[in-house]
Amino acid sequence: MSNGGMLYHEVQEAKLCAVHCVNTVLQGPFFSEFDLAALASDLDTIERQVMQGTVSAAASGDFLSAESHNVSLDGDFSIQLVKVEAGFAIMA
């Protein structure tokens, strides 16, 4: 995506630092908070499957019962999610 030689920057909205970070690194409005929320849900599912297959219920604590470890209700995303999202975008 060409932006006329200018650096791409998004104005901070709410607690969407991860969205702005990924889009700034990629230099364009490639991802929305909905894209990252969908990926967070996918990542949660994968993490739960791995935990169920390798860790005892007692050792997993509240991990398996928690809603999400990759996005909070107020819009904060985990660093793991940012790394996965940026990696997918770079490979595309």
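A nonpolar core is a set of buried Ala, Val, Leu, Ile, Met, Phe, Trp, Tyr and Cys residues joined through side-chain atoms within 4.5 Å. Buried means under 20% relative accessible area, exposed means over 50%, and partly exposed lies in between (1.4 Å probe, protein chains only). Both terms are needed below.

This is a predicted model: local features need pLDDT of at least 70, side-chain atom pairs count only at pLDDT 80 or more, and totals for chains, interfaces and linings use all residues. Residues are numbered from 1 along each chain as its sequence is written, and side-chain values use heavy atoms, with hydrogens and water left out.

Confidence comes first. pLDDT is the predictor's confidence in each residue, from 0 to 100. The protein chain averages 79, and 75% of its residues score at least 70. By element, the mean is highest in α1, at 88, and lowest in α3, at 57. Where pLDDT is low, the predicted coordinates should not be read in detail.

Now the fold. The protein chain has four helices and zero strands. Its elements run α-α-α-α from the N terminus on. Helices (H or I, at least four residues) and strands (E, at least two) are DSSP runs, numbered from the N terminus. Of the 92 residues, 28% count as buried. The chain exposes about 6,100 Å², and carbon and sulfur atoms supply 64% of that area. These areas come from the Shrake-Rupley method with a 1.4 Å probe; for residues, only the protein chains shown count as cover. A contact means heavy atoms within 4.5 Å. Among contacts with a separation of 6 or more, 45% link residues 24 or more positions apart.

The largest nonpolar core has twelve residues: Leu 16, Ala 18, Val 19, Val 22, Phe 31, Leu 36, Leu 39, Ala 40, Leu 43, Phe 77, Leu 81 and Val 82. Helices α1 (17-26), α2 (33-54) and α4 (79-91) each supply at least two of them. The largest share, four residues, comes from α2. In soluble globular proteins, nonpolar side chains tend to be buried together.

Next, α1. Its buried residues are Ala 18, Val 19, His 20, Val 22 and Asn 23. After this helix comes Gln 27, whose phi is positive, near 60°. Two cysteines call for a check. The structure holds zero disulfides, a disulfide being a pair of cysteine sulfur atoms within 2.5 Å. Why is Cys 21 not bonded to Cys 17? The sulfur of Cys 21 is 8.7 Å from that of Cys 17, its closest cysteine sulfur, and that is too far for a bond. Cys 17 is partly exposed, at 47% relative accessibility. Cys 21 is partly exposed too, at 39%.

At the start of α4 sits Ile 79. Is Ile 79 buried or exposed? Ile 79 counts as exposed because its relative accessibility is 58%. Ile 79 and Ala 18 are 61 residues apart in sequence, yet their C-alpha atoms are 8.1 Å apart.

Asn 70 lies in the loop between α3 (57-60) and α4. Asn 70 is buried, with a relative accessible area of 1%. Its side chain makes a polar contact of 2.6 Å with the side chain of Asp 44. Another, of 2.8 Å, joins the side chains of Asn 70 and Ser 78. A polar contact is a pair of N or O atoms within 3.5 Å; within protein, one must be able to donate a hydrogen and the other to accept it, and residues adjacent in sequence count only if both atoms are side-chain atoms. Beyond four places in sequence, Asn 70 also touches residues including Ala 40, Leu 43, Phe 77 and Leu 81. Those four belong to the nonpolar core described above.
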